[in-house]
Amino acid sequence: MNQSSNFIFDIIEQDIAPGGQFFGKTVHTRFPPEPNGYLHIGHAKALEIDFGAAERFGGLCNLRMDDTNPTKEDEEYVDAIKEDIRWLGHDWGDRFYYASDYFEQMYEFAKELITKGLAYVCEQTPEEVRLNRGDLSTPAKSPFRDRPIEESMALFEKMRDGEFEDGKMTLRAKIDLASGNFNMRDPVIYRINRIRHHNTGDRWCIYPMYDFAHPIEDALEGITHSLCSLEFEAHRPLYDWVINHCSVPCKPRQIEFARLGITHTVMSKRKLRNLIEQGIVDGWDDPRMPTLCGLRRRGYTPSSIRTFHERNGVSKVNSVVDYAFLEHCLREELNRTAFRAMAVLQPITLIIENYPENQTEVFTVENNPENPEDGTREVSFSKKLFIEADDFQEVPEKKYFRLFPGNEVRLKSAYVVKCIRCEKDSAGKVHTVYATYDPDSRGGNTADGRKIKSTIHWVDADTAFNATVKLYDRLFDVESPDLADCDYIAHVRDDSVITIENAKLEASLRDCPDQARFQFMRLGYFCKDAKSSNPDEPIFIRSVSLKDSFRPKNDTP
RNA sequence: UGGGGUGUCGCCAAGCGGUAAGGCACGGGACUUUGACUCCCGCACUCGUAGGUUCAAAUCCUGCCACCCCAGCCA
């Protein structure tokens, strides 16, 4: 499937080769989202790596909700996460798990550590722990570090039994208070928190911390390779410590990779949530959001997103990929697969003066010139048409070769017409253009073989229907709104969505199914919005524009 | 000041001692019943930097510089 390798796949390959630590084993990975928000395209990168590794080596990938902190998590996200993963085309079979399903075993492993003298109950307050953490040159300290094993054990059991109030004490791993790696300075591995857990209800009032829980979750599931993002690199010694000191069934290997950044967007849950709360976007599935549900609504296909990630590769360099590359991946696919249709977004009237009144012809148009197998459809033509305002200039600018007085253009698949004159309103805006047609150019080819430089799209005023079309564009006007010192809210574009109420669409678009994707010729790729369309009022969303070398899209600073 | 990472074209990214792949973006041209698509051509004598080893270095060694992550009872 994906033939290109990366440093992680190279490592796995070595691990399962003769002499490797997982020789003879099935590669087993996992995707472990925390159910506290919606998945975005950055998560999709991890998905591609986790499920991709399993696929590549004939292994398995589990889906596991990493729900060890009930304060932040909620079941409401679980189904949405599953839906997004399925949409991307990944299958976890029957291996769907909750980290919370292992609480009992984690508790036992914690007791094992206490028994071994490798964990102790610490009664410092959160503030005291922070104060006693030391600094770059000073070791941490805890007055409870050398408390007897039996005492810690009794206290820990009472913690579970709910005998102490929240925050009163913690269970800490006894590792190295002087370590240069702060994660090893006797990290807290259990805390008391009386809050109902979405999965375990009120069964627990103590919850394990990520650094303790995650390696156990992995080991219990027989994970061979635990792939995560770069910020966990400094946690790996702790991950290995837990694996080595608890009697877990296997020793997974953690490998870290750089998370994805994309220009002109923000990726952190906090910032995305903020955009919603401030009413800047309509919700998690707003088509401008980098969430998977947002991209789905925008018209992105699963395969375009997977292609995007595959071609970006995997490394350990903090990288920010150009938004244009995401757009490229979508265009590339849709050019191949989307049916063409004609739609006029900024209509002006075109009257063919020498065309008979009340006459209608039907023309046959290819659905996709890139793929003849997609067949054809019929569109009607008559004396009065709509064309794009952009396709006419009374006084043509340099190199303009569309419609202007005296010039000929071809109406896609119909006739060659010659512009005669135009009519303007009181404000000087052109509303009607008059032309004559060449009856010998039926279908678009001239009888005398003269070349027509330009072909424009059109719709028949008699059969076209009005629809709302929403033109979405990037949300921010700066390349890196996600930088820590960037006031990203101040850089939200006020024209990131332009709503066109009365676009004129060709009749065939009227009854297309939700989410159907089209190329509106010469404009871009659009899809029918399943969320806001009514049976009688379809609403179309622009997924991405077509490239335009006449007026290159100027990139905002 | 401690620990862990990373530095190859504007942006991603191959490269693993033998003399800088590819994609995006960009510029030029051809073709075109979408100024799209497609197709050509151009786009790093140079790999953060300074030395060293070698017949030969982006690849090995040493120093320096820059940037990122870590002191939550978050993940």
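Student: Which elements do the buried residues of α1 pack against?

Tutor: They pack against α2 (41-56), β8 (225-229) and β9 (253-257). This is a predicted model, in which local features need pLDDT of at least 70, side-chain atom pairs count only at pLDDT 80 or more, and totals for chains, interfaces and linings use all residues, while side-chain values use heavy atoms and leave out hydrogens and water. Residues are numbered from 1 along each chain as its sequence is written, and chains are lettered from A and ligands numbered from 1 in the order in which they are written. Helices (H or I, at least four residues) and strands (E, at least two) are DSSP runs numbered from the N terminus.

Student: And which residues of α1 are the buried ones?

Tutor: In α1 (residues 7-16) they are Ile8, Phe9, Ile12 and Asp15, where buried means under 20% relative accessible area, exposed means over 50%, and partly exposed lies in between, with a 1.4 Å probe and protein chains only. Seen down the axis of α1, these residues fall within an arc of 120°, so they line one face of the helix; the arc is that of the directions from the helix axis to the C-beta atoms.

Student: What happens at the start of α1?

Tutor: A side-chain oxygen of Asn6 comes within 2.8 Å of the backbone nitrogen of Ile8.

Student: What caps the N-terminal end of α12, then?

Tutor: Asp322 does, with a side-chain oxygen 3.0 Å from the backbone nitrogen of Ala324. The helix itself has 15 residues and reaches 22 Å from its first C-alpha to its last, close to the 21 Å expected at 1.5 Å a residue, the expected span being 1.5 Å times one less than the number of residues. Its buried residues are Tyr323, Leu326, Glu327, Cys329, Leu330, Arg331, Glu333 and Leu334.

Student: Switching to the RNA: which residues come nearest to strand B?

Tutor: Of the 64 residues around RNA strand B, those that come nearest are Arg133, Ser315, Arg340, Arg402 and Gly443. Of the atoms of RNA strand B that come within 4 Å of the protein, 62% belong to sugar and phosphate. A residue is near a molecule or strand if one of its heavy atoms lies within 4 Å of it.

Student: Which helices and strands each supply at least two residues of that surface near RNA strand B?

Tutor: Those elements are α5 (126-131), β6 (188-192), β11 (319-321) and α12 (323-337). By class, the surface near RNA strand B has 19 nonpolar, 24 polar and 21 charged residues, with Ala, Val, Leu, Ile, Met, Phe, Trp, Tyr, Cys and Pro counted as nonpolar, Asp, Glu, Lys and Arg as charged, and the others, Gly among them, as polar.

Student: Where on RNA strand B do the polar side-chain atoms of Arg340 and Lys72 lie?

Tutor: For Arg340, a polar side-chain atom lies 2.6 Å from a base oxygen of RNA strand B, whereas for Lys72 such an atom lies 3.0 Å from a sugar or linking oxygen. Asn318 likewise has a polar side-chain atom 3.2 Å from a sugar or linking oxygen of RNA strand B.

Student: Back inside the protein, is Arg297 buried or exposed?

Tutor: Arg297, in helix α10 (residues 292-298), counts as buried because its relative accessibility is 12%. Its side chain makes a polar contact with the side chain of Asp529 at 2.9 Å; a polar contact is a pair of N or O atoms within 3.5 Å, and within protein one must be able to donate a hydrogen and the other to accept it, with residues adjacent in sequence counting only if both atoms are side-chain atoms.

Student: What does the side chain of Thr446 reach?

Tutor: It reaches the backbone nitrogen of Gly449 at 3.3 Å and the backbone oxygen of Arg450 at 2.8 Å. Thr446 sits in the loop between β20 (430-437) and β21 (455-456) and is buried, with a relative accessible area of 13%. Leaving aside neighbours within four places in sequence, Thr446 is in contact (heavy atoms within 4.5 Å) with Val416, Asp440, Ser441 and Ile452.

Student: Last one: what is the phi of His264, and of Lys399?

Tutor: His264 has a positive phi of about 60° although it is not a glycine, and Lys399, also a residue other than glycine, has a positive phi near 65°. His264 lies in the loop between β10 (260-262) and α9 (269-277) and is buried, at 3% relative accessible area. Lys399 lies in the loop between β17 (384-388) and β18 (408-411) and counts as exposed, at 69% relative accessibility.
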